[in-house]
Amino acid sequence: MGLYTVTQEPARGLDRLLDLLFPPRCVACGAWGEWLCAACVATLGALPPPLCPRCAGPSRSGGLCAPCRRTPRYLTGLLSVAVHRTPLREAVHALKYNGMHVLVEPLAEILHQHWARQGVAVDAVLPVPLHPSRVRYRGYNQSALLGAAFARRAGLEYHGDWVVRVRRTRSQVGLTPRERWENVWRAFAVTSPGVAGARILLIDDVMTTGATLEACAHALRGAGAAEVWALTLTRASRSRGRPPGAP
């Protein structure tokens with residue numbers, strides 16, 4: 001048995017009718033019966049050690065990796081389920097770009113199972129926010145959907161508006177690590193005094209260079225957050241680069 005399991009809830013009412021008309025098919029392998037099948041979920045395993053204790057990236061010795069040693073970071077730590085490959089890559093893409101909200105619950109369950117194994121204590125769950133114009137265009141923020149579903153499972157407070165994106169940024173796709181940092185640096189602001197002294201868990205779908213998460217953590221730390229952790233479904237394997245505000 002793999003590290004992760006997902007229980008499919010039985011369809012009800014209209015959903016049952018839709019399943020009859022349009023049978024679920026796994027977004028990763030194409031098998032009929034589930035949107036993310038148990039066989040694909042069972043292939044998920046732990047990231048191969050040794051890992052950096054701060055960013056969960058590869059580390060030769062199991063201590064801090066070279067980027068974390070060179071540059072101060074605002075995140076207390078980063079937790080990622082897997083590298084950005086099949087099956088989570090296809091599931092994230094289907095949720096993010098194809099509007100497949102049926103994947104929110106199974107993906108949130110995977111996030112919850114991973115978080116529960118780490119023993120990280122937090123007080124509140126926050127999604128990485130999109131700019132309002134991006135939410136209007138897409139119709140939703142996938143990180144907010146995942147964060148709310150995760151918080152329900154974990155029994156934690158969820159606050160979707162404690163941190164906001166105050167500057168419209170370009171898409172991060174195709175940018176170099178340096179360009180990603182410059183794109184999101186100081187793009188976030190904290191709106192609630194509840195952040196002060198709190199241990200925050202940021203939820204996002206993918207960590208590529210870590211620029212967006214670090215920029216968000218920078219705003220939260222500036223508002224007095226005691227700790228800022230991040231939890232993502234997948235992470236890229238390449239370097240995160242250097243934040244422009246770092247000394």
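**Exercise 1. Classify the accessibility of Arg153 in this predicted model, and identify the side chain that it meets in a salt bridge.**

Solution. Begin with the accessibility: at 28% relative accessibility, Arg153 counts as partly exposed, a class that lies between buried (under 20% relative accessible area) and exposed (over 50%), with a 1.4 Å probe and protein chains only. Next, take the partner: the side chains of Arg153 and Glu109 meet in a salt bridge at 2.7 Å, N to O, where a salt bridge is a side-chain nitrogen of Lys or Arg within 4 Å of a carboxyl oxygen of Asp or Glu. Finally, place the pair in the chain: Arg153 belongs to helix α7 and Glu109 to helix α5, 44 residues apart, and the pair links distant parts of the chain.

Two conventions apply throughout. Residues are numbered from 1 along each chain as its sequence is written, and side-chain values use heavy atoms, with hydrogens and water left out. Because the model is predicted, local features need pLDDT of at least 70 and side-chain atom pairs count only at pLDDT 80 or more, whereas totals for chains, interfaces and linings use all residues.

**Exercise 2. Extend the analysis to Arg152, and state which residues form the network of salt bridges.**

Solution. The side chain of Arg152 meets that of Glu105 in a salt bridge of 2.9 Å, N to O. This pair also links distant parts of the chain, with Arg152 in helix α7 and Glu105 in helix α5 (residues 104-118), 47 residues apart. As to accessibility, Arg152 counts as exposed at 55%, while Glu105 is partly exposed with a relative accessible area of 34%. Taken together, Glu105, Glu109, Arg152 and Arg153 are linked in a network of salt bridges, and a search of the whole structure finds 6 salt bridges.

**Exercise 3. Describe helix α7 from its N-terminal cap to the residue that follows the helix.**

Solution. Helices (H or I, at least four residues) and strands (E, at least two) are DSSP runs, numbered from the N terminus. At the N-terminal end, Asn141 caps α7, with a side-chain oxygen 3.0 Å from the backbone nitrogen of Ser143. The helix itself covers residues 142-154, and its 13 residues reach 18 Å from the first C-alpha to the last, close to the 18 Å expected at 1.5 Å a residue, the expected span being 1.5 Å times one less than the number of residues. Its buried residues include Leu146, Ala149 and Phe150. After the helix comes Gly155, whose phi is positive, near 70°.

**Exercise 4. Determine how strand β7 is paired and covered, and find what Arg199 in β6 meets.**

Solution. Strand β7 (residues 227-235) is mostly covered, since 8 of its 9 residues are buried. Two strands pair if DSSP finds at least two bridges between them; 6 bridges join strand β1 (residues 77-83) to β7, and these strands run parallel, with Thr232 as the bridge partner of Ser80. A further 8 bridges join β6 to β7, again parallel, and Leu201 stands opposite Trp229 in β7. The side chains of Arg199 and Asp123 meet in a salt bridge (2.8 Å, N to O). Asp123 lies in the loop between α5 and β2 (124-127) and Arg199 in strand β6 (residues 199-207), so the pair ties together parts that are 76 residues apart in sequence. Both ends are partly exposed, Asp123 at 30% and Arg199 at 29%.

Methods:
Polar contact = N/O pair within 3.5 Å; in protein donor to acceptor, adjacent residues only side chain to side chain.
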